[in-house]
Amino acid sequence: MSTIGRIHSFETCGTVDGPGIRFIVFMQGCLMRCLYCHNRDTWDLHDGKEVTVDEIMKDVLCYRHFINASGGGVTASGGEAMLQPEFVRDFFRAAQAQGIHTCLDTNGHIRKHTEVIDEVLEATDLVMLDIKHIDDPTHQILAGVSNKRTLQFAEYLHKLGKTTWIRYVVVPGFTDDEGAAHRLGEFIKDMDNVEKIELLPYHKLGVHKWEALGEEYKLEGVNPPSKETMEKIKGILSQYHSNVRY
């Protein structure tokens, strides 16, 4: 029987969640409560719709030519994909069996490290790990939980030698701090599995989802970072890693 997962949606020709053109599955459910979340409607673990791996793969294979020709693949994102590791494992195994590249987009907040977590990683070609903030007190304000598990997961990926991109959202007043950028660079600098640091400028594209749910968007008045700010953070992190992009 094909494994069942609960998803929010999927995107057939994504270009920002991994290399090349990608089929992106946005999994339902997340334990972080990021103030700037642009997928606020993915938090509820019981929302979304149930699909099987076979159903998803049927859609993926319709786009295989475009995916492979571009050096792309499939990406499991969210929400948080690792809340449904059995589904992601079987999805990635099915994709790899078809010669399709697999990418895991995760916040690394792994509650319990079980055998299935390793099985997911074995079937993953690339991990995109979101580090919200290197300092735990600020991380708790920004994401609602400690960063301890995320940093432990980053260290585990290094131990495995798993190809990883670090993603860092630059939010004015939170993650544009020079000291924090230096501390993040120090944390990453010896991780030779980290292929790239990807800086993402904060944006307001998801505000309407908060409003639709009748919830307060607490970053009201915070504007996207300037180019100067992005260059500043890039310049700092470039002291620790040779490939920093935004």
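**Exercise 1. Lay out the sheet of this predicted model: in what order do the strands stand, and which ones are at the edges?**

Start with the order. Nine strands make up an open sheet, running β3-β1-β2-β4-β5-β6-β7-β8-β9, and the pairing is mixed. Next, look at the ends of that list: β3 (49–52) and β9 (244–245) are the edge strands, and each has a single partner, so one side of each has no neighbour in the sheet. Now add a helix. α1 (residues 53–62) packs on the sheet and touches β1 (4–14), β2 (22–27), β3 and β4 (73–77). The direction of α1 makes about 75° with that of β3. Keep in mind that all of this comes from a predicted model, not an experiment.

**Exercise 2. Take strand β6 and work out which strands pair with it, and in which sense.**

Go to one side first. Strand β5 (residues 101–106) pairs with β6 in the parallel sense, over four bridges. For a residue-level handle, find Cys103, which stands opposite Leu126 in β6. Then try the other partner: β6 and strand β7 (residues 164–170) run parallel too, joined by four bridges. Here Met128 has Trp165 of β7 as its bridge partner. Finally, trace the connection from β5: together with helix α4 (residues 115–122) and β6, β5 makes a right-handed β-α-β unit.

**Exercise 3. Is strand β6 enclosed or open, and what do its two faces look like?**

The cut-off you need is that a buried residue has under 20% relative accessible area. Apply that to residues 126–130: five of the five residues of β6 are buried, so the strand is largely enclosed by the rest of the structure. Now split the strand by face. In a regular strand, side chains alternate between the two faces of the sheet. In β6, Leu126, Met128 and Asp130 are on one side, Val127 and Leu129 are on the other, and all of them are buried. Both faces of β6 are therefore covered.

**Exercise 4. Follow the chain from β7 to β8, then step across to β9.**

Begin with the pairing: β7 and β8 are parallel, with seven bridges between them. Tyr168 stands opposite Leu199 in β8. To get from β7 to β8, the chain passes through α7, and this β-α-β crossover is right-handed. Stepping across, β8 and β9 pair in the parallel sense over two bridges, with Ile197 opposite Val244 in β9.

**Exercise 5. Describe how α7 sits against α9, then look at the loop after α7.**

Geometry first: α7 and helix α9 (residues 227–237) pack at about 35°, their axes 9 Å apart. The crossing of α7 past α9 is right-handed. On the α7 side, the contact uses Glu178, Ala181, His182, Leu184 and Gly185, while α9 brings Lys232, Ile233, Ile236 and Leu237. Now the loop: Asp190 lies between α7 (178–188) and β8 (194–201). Asp190 is exposed, at a relative accessible area of 58%. Its C-alpha is 8.6 Å from that of Tyr240, although the two residues are 50 apart in sequence.

**Exercise 6. What does UniProt list for residues 16–241, and what is the chain like there?**

Check the record: an unreviewed UniProt entry lists residues 16–241 as "domain: Radical SAM core". Then read the composition over that stretch, which is 38% helix and 18% strand. Its end C-alpha atoms lie 21 Å apart.

Note on methods. Residues numbered from 1 in each chain as written. Predicted model: local features only at pLDDT ≥ 70, side-chain atom pairs only at ≥ 80, totals over all residues. Heavy atoms only, no water. Buried < 20%, exposed > 50% of the residue type's maximum accessible area, 1.4 Å probe, protein only. Pairing = 2+ DSSP bridges. Right-handed = clockwise from strand over helix to strand, strands pointing away. UniProt positions renumbered as here; feature names shortened; annotations may be inferred. Axes fitted to C-alpha atoms, helices over the stretch in contact; angles between N-to-C directions. Left-handed = near helix turned anticlockwise from the far one by under 90°. Contact = heavy atoms within 4.5 Å.
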